[in-house]
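Thanks for passing this model along. Here are my notes, set out point by point so that you can follow them with the structure open.

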Amino acid sequence: MENAQPQFRRVVRFVSAADRGFAAIVYAGSAFFGLLIVGLCVELVLGSWPSIVKFGPAFIFSSSWDPVASKFGALPMIFGTVATSLIAIVLAAFIGIMGAVFLADFAPRWLAAPLSFLIELLAAVPSVVYGLWGLFVLAPFMRTAIGPALQKVLGWTPLFSGPIYGVGLLTAGMILALMIVPTVTAIARDVISAIPRDLREASMALGTTKWETATKVVLPAARVGIFGACVLALGRALGETIAVTMVIGNRPEISASLFAPSYTLASVIANEFTEATTSIYISALIELGLILFFVSMIVNAVARLMIWSVRGSERS
Amino acid sequence: MIRPLIRSLCALTVAASMMLPAAAATQLTGAGSSFDFPFFSKAFYVYNQKNPDVTINYQSIGSGGGIQQFTAKNVDFGATDVPMNAEELARAGQAVLQVPVALGGAAIAYNLPGVSATVKLSRQVLADIYLGKVQKWNDPAIVKLNAGVSLPDMPIVVVHRSDGSGTSYIFTDFLSHVSADWKSKVGTGKSVQWPAPSSVGAKGNEGVAGQISSTPGAIGYVELAYVIENHMTAATLQNKAGKWVACTPEAVAAAAASKPEVSATNFSIVDASGAQSYPISGYSWVVVYKKPADAARGKALYDVLTWLVGTQGQSNAKSVDYVPLPANVQAAAAGTLRQMQH
Amino acid sequence: MDSPRYARLGRRRIYGTLGVALALCCAAIAAASLLVILGYVVVKGVGALNWEFLTQLPHPVGVPGGGVGNGIWGTIIIIGIATLMAVPVGLLTGIYLALFGRGVIPESLRFLSDVLSGVPSIAIGLFAYAVLVAPLKHFSGFSASFAFMMLMLPLLVRTSEQAIRSVPQAVREGALALGMSNFRATVGIVLPTAMPAIVTALLLAIARVTGETAPLLFTAFGTQFWESNPNHPMAVLALQVFTYAISPYPSWQAQAWGGALLLILAVLILSLGARYMLGRAAKGLDA
């Protein structure tokens with residue numbers, strides 16, 4: 001975006017009453033939005049306060065989740081959340097961006113519209129359907145076909161060693177990738193299409209091939225928007241509950257193997273919240289929600305730092 | 001074109017909402033255990049047909065959710081698989097009555113390709129499987145119980161419920177009763193820390209059933225209704241009296257009948273005595289306030305619940321693969337309900 | 001560009017072709033996955049779809065027939081209200097962020113918006129419960145709409161900002177040069193140009209929330225009866241699908257799949273309809 005056209009200039013004058021009224025409404029809408037999120041954070045902190053007080057920072061580093069003894073620790077779940085989301089965004093970003101490039105620049109008219117439509121429809125599938133399909137179709141396929149194949153080729157690495165249950169980190173990552181691909185593809189496709197034709201034509205006039213134009217000129221120009229799409233998609237992956245909990249194996253353990261069952265923050269909350277009865281248990285679960293909020297914050301902060309450093313290196 | 005379209009859509013919506021039938025005179029709400037949901041949906045439907053001016057809206061948001069909403073007085077009654085304990089009763093503020101309303105059992109389903117005979121498991125062996133001490137199907141302990149059956153050299157994949165559930169509670173309660181090791185290491189609860197190294201958690205009965213059916217060598221505990229409806233293979237267990245019993249409604253009823261003095265503070269019927277008792281059985285409970293806020297709603301609630309625990313209400317249980325309460329327990333429940341000030 | 005390796009157009013063309021093939025594969029994988037999942041849902045659910053299913057109240061197990069009519073109705077009302085709440089807030093925030101690009105407050109809002117997209121829907125449901133159910137002491141469809149609104153907002157905010165920014169400077173400055181106030185320039189000229197992308201985001205957001213179950217447990221609550229008043233507990237199709245899917249009974253499970261198929265079809269029809277209307281508006285046939 002930044003390379004393609006000059007900075008969107010702040011030409012903001014409020015001359016008429018309509019303008020002032022408009023400004024007031026715009027401010028009000030944005031303030032309401034900000035207030036919602038702050039309120040959410042406050043509620044999470046209030047709800048998790050008893051647990052914060054009782055367990056302190058040990059909560060984040062402890063590995064045991066024992067509701068009977070009321071001993072709670074979040075480390076395996078943080079690991080599972082980050083690992084599955086990472087797998088998901090790597091897969092989805094690659095497929096999504098490549099797919100978007102195809103749809104925006106290379107697909108013939110008769111193909112682009114229906115194909116985009118099909119991909120967007122993936123977003124309409126309810127999470128529980130993803131979960132059931134993952135459990136009954138993908139997990140057995142992983143156990144009988146994909147897993148053994150990967151283990152044969154890459155079994156010497158700790159990532160692909162160990163018993164293959166069918167459910168586990170990799171399966172959950174794949175299901176998540178499917179769920180977030182429409183977001184990445186649709187937004188990336190829109191962003192790429194919005195890059196003005198002049199840029200493409202200028203590049204081709206210099207003698208590049210169409211593919212080189214698409215990947216080396218247009219994609220960098222659309223970089224910020226695509227990155228935003230990935231961030232949104234990553235957010236959805238971090239918070240997804242039902243589909244993940246059906247295919248992840250729900251074992252609160254940290255393991256090097258991608259085939260091992262794992263557990264995510266959102267899954268624990270979804271699994272145990274409706275049955276939790278003691279107040280410290282409920283509080284511990286809400287604290288997991290708060291931790292997820294902060295994990296999301298950290299991931300987004302890192303993403304922003306990466307963008308700023310890239311923009312900074314451009315200007316120099 | 002857009003504006004007239006939106007206008008007509010709005011008009012259509014308003015017209016449609018006016019055509020819908022009006023709400024009944026009294027609408028009671030209840031929330032809680034998902035175990036009770038099929039039974040309640042049948043029973044309350046039948047009740048509404050007999051008493052058209054009373055509708056009961058029951059939603060399965062989980063036992064914990066049910067207790068929370070009941071305590072917050074957002075619903076008229078709650079349903080829970082484990083009765084409210086002292087802390088929860090204290091939080092409710094007012095006096096609470098707890099009555100058993102449904103009975104169920106957990107069957108041990110498994111997936112052993114090539115083995116056509118039903119596997120027999122003793123209580124100790126089952127506990128050892130879940131503790132991780134017995135890790136293969138052809139372990140001598142299992143072979144000893146199944147003479148004549150050739151068990152394969154396959155690792156046992158132990159499946160449990162990942163979501164907090166009353167079925168998990170009953171099962172861990174059973175394991176705590178039969179294995180001192182389990183009781184000290186793990187304990188009883190709706191969610192516990194499962195010790196077996198090969199254990200996998202699946203969400204809901206359908207998750208456990210799905211995991212078992214797609215993993216050779218898997219074993220797990222599933223609600224009776226689920227096993228019946230989906231024709232799953234379940235193991236025969238040895239009960240406290242030493243007899244081998246399969247998980248059937250009759251066996252669960254026998255377990256309940258062996259302990260007529262059940263109450264909210266003494267509610268466990270796992271590992272019951274009696275030759276025909278199935279060892280993994282348990283009740284589900286409804287909680288109401290002794291003095292409901294609204295007298296008219298209190299009366300309606302009293303009528304519904306008394307009908308529910310009576311013979312007529314309980315007769316709906318069989319059609320949904322649930323076990324009716326034994327006669328003595330029905331009488332005790334009705335007696336508890338009579339304490340309601342209505 | 002003048003190293004011999006690069007000058008070989010033939011090789012670059014091959015890379016190009018391979019690249020396009022790869023991109024095509026990726027798009028095809030995504031589309032094929034949908035067809036596989038859709039096929040699975042269709043096979044399991046199409047048998048349950050009939051007029052009775054669409055218009056009747058749920059029946060308990062053992063009583064034949066029954067349907068998800070109240071769930072469909074509740075979903076329409078709740079998502080309708082959620083859209084009415086989310087679109088203004090999302091657009092206004094997007095306009096704010098586009099007009100006042102730099103600065104601590106806009107950057108914080110963007111950051112918070114991204115963080116919000118990572119919050120699990122069950123936590124947002126709990127927030128809606130704390131704000132709209134607990135104080136009022138009853139469940140309501142409106143609280144579910146509130147939760148859905150929060151789920152839809154990050155996508156709407158980010159996309160409307162992006163879409164407004166990608167309207168060429170020339171268009172906006174032209175409008176301002178003609179003497180329009182900012183209000184008219186933005187609402188009358190820039191927004192309509194940005195509309196297609198915003199509608200895509202809106203459709204994505206609606207598609208996403210139609211399948212959400214977790215926030216509904218403590219907000220809409222559900223009911224077995226007809227309910228049009230958003231101030232009461234309402235039935236929602238996604239919730240019914242979830243409850244039936246995890247039940248033991250094949251008849252209910254079949255209805256769950258039917259309901260899931262219905263959800264996907266509803267979003268499909270909505271998308272097609274919106275695209276069609278946008279297409280006609282773009283062609284200037286709008287009234």
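**Notes on the predicted model**

1. Please keep in mind that this is a predicted model. Let me begin with a small sheet in chain B: three strands form an open sheet in the order S5-S9-S10, and the pairing is mixed. Its edges are strand S5 (120–121) and strand S10 (244–245) of chain B, each of which pairs on one side only.

2. Within that sheet, strand S9 (residues 236–238) of chain B runs antiparallel to S10(B), and two bridges link the pair. If you want a residue to find by eye, look at Leu237(B), which stands opposite Val245(B) in S10(B).

3. Chain B also has a parallel pair worth a look. Strand S1 (residues 26–32) of chain B pairs with S2(B) in the parallel sense, over six bridges. Here Ala31(B) stands opposite Gln59(B) in S2(B). Together with helix H2 (residues 37–50) of chain B, S1(B) and S2(B) make a right-handed β-α-β unit. Strand S2 (residues 54–59) of chain B is mostly covered, with five of its six residues buried.

4. Chain C is another matter: it has eleven helices and zero strands. Its C-alpha atoms fill a box of roughly 75 × 50 × 40 Å along the principal axes. Of the 287 residues in chain C, 57% are buried. Taking contacts in chain C between residues at least 6 apart in sequence, 71% join residues at least 24 apart.

5. How is chain C divided into domains? Domain 1 covers 3–46 and domain 2 covers 53–286. Taken over C-alpha atoms, the centres of these two domains of chain C are separated by 31 Å. The contact between them involves six residues of domain 1 of chain C and five residues of domain 2 of chain C. On the domain 1 side, the residues divide into four nonpolar, one polar and one charged.

6. Turning to the interfaces, the contact between chains C and A takes 79 residues from chain C and 87 residues from chain A. Helix H2 (residues 9–45) of chain C gives the largest share of the chain C side, 19 residues. By class, that side of chain C has 54 nonpolar, 19 polar and six charged residues.

7. For chains C and B, the contact takes 28 residues from each chain. Helix H10 (237–245) and helix H11 (250–282) of chain C each supply at least two residues of the chain C side. The largest share of that side, three residues, comes from H11(C). The side of chain C that touches chain B is made up of 17 nonpolar, eight polar and three charged residues.

8. Finally, the core. The largest nonpolar core has 309 residues, and those with the most contacts inside it are Ile175(A), Val184(A), Ile108(B) and Met152(C). Which element gives the most to this core? Helix H6 (residues 169–194) of chain A does, with 18 residues. The core lies between domain 1 (3–46) and domain 2 (53–286) of chain C, because both of them give residues to it.

9. Ile175(A) makes a good place to start browsing the core. Leaving aside neighbours within four places in sequence, Ile175(A) is in contact with Tyr130(A), Gly134(A), Leu138(A), Ala243(A), Val244(A) and Val247(A).

Definitions and conventions:
Residues numbered from 1 in each chain as written. Chains lettered and ligands numbered in written order. Predicted model: local features only at pLDDT ≥ 70, side-chain atom pairs only at ≥ 80, totals over all residues. Core = buried A, V, L, I, M, F, W, Y, C linked by C-beta atoms within 7 Å. Buried ≥ 20, exposed ≤ 12 C-beta atoms within 10 Å, placed from the backbone. Helix = DSSP H or I, 4+ residues; strand = E, 2+ residues; numbered from the N terminus. Domains from an automatic or database assignment. Contact = placed C-beta atoms within 7 Å. Pairing = 2+ DSSP bridges. Nonpolar A, V, L, I, M, F, W, Y, C, P; charged D, E, K, R; others polar. Right-handed = clockwise from strand over helix to strand, strands pointing away.
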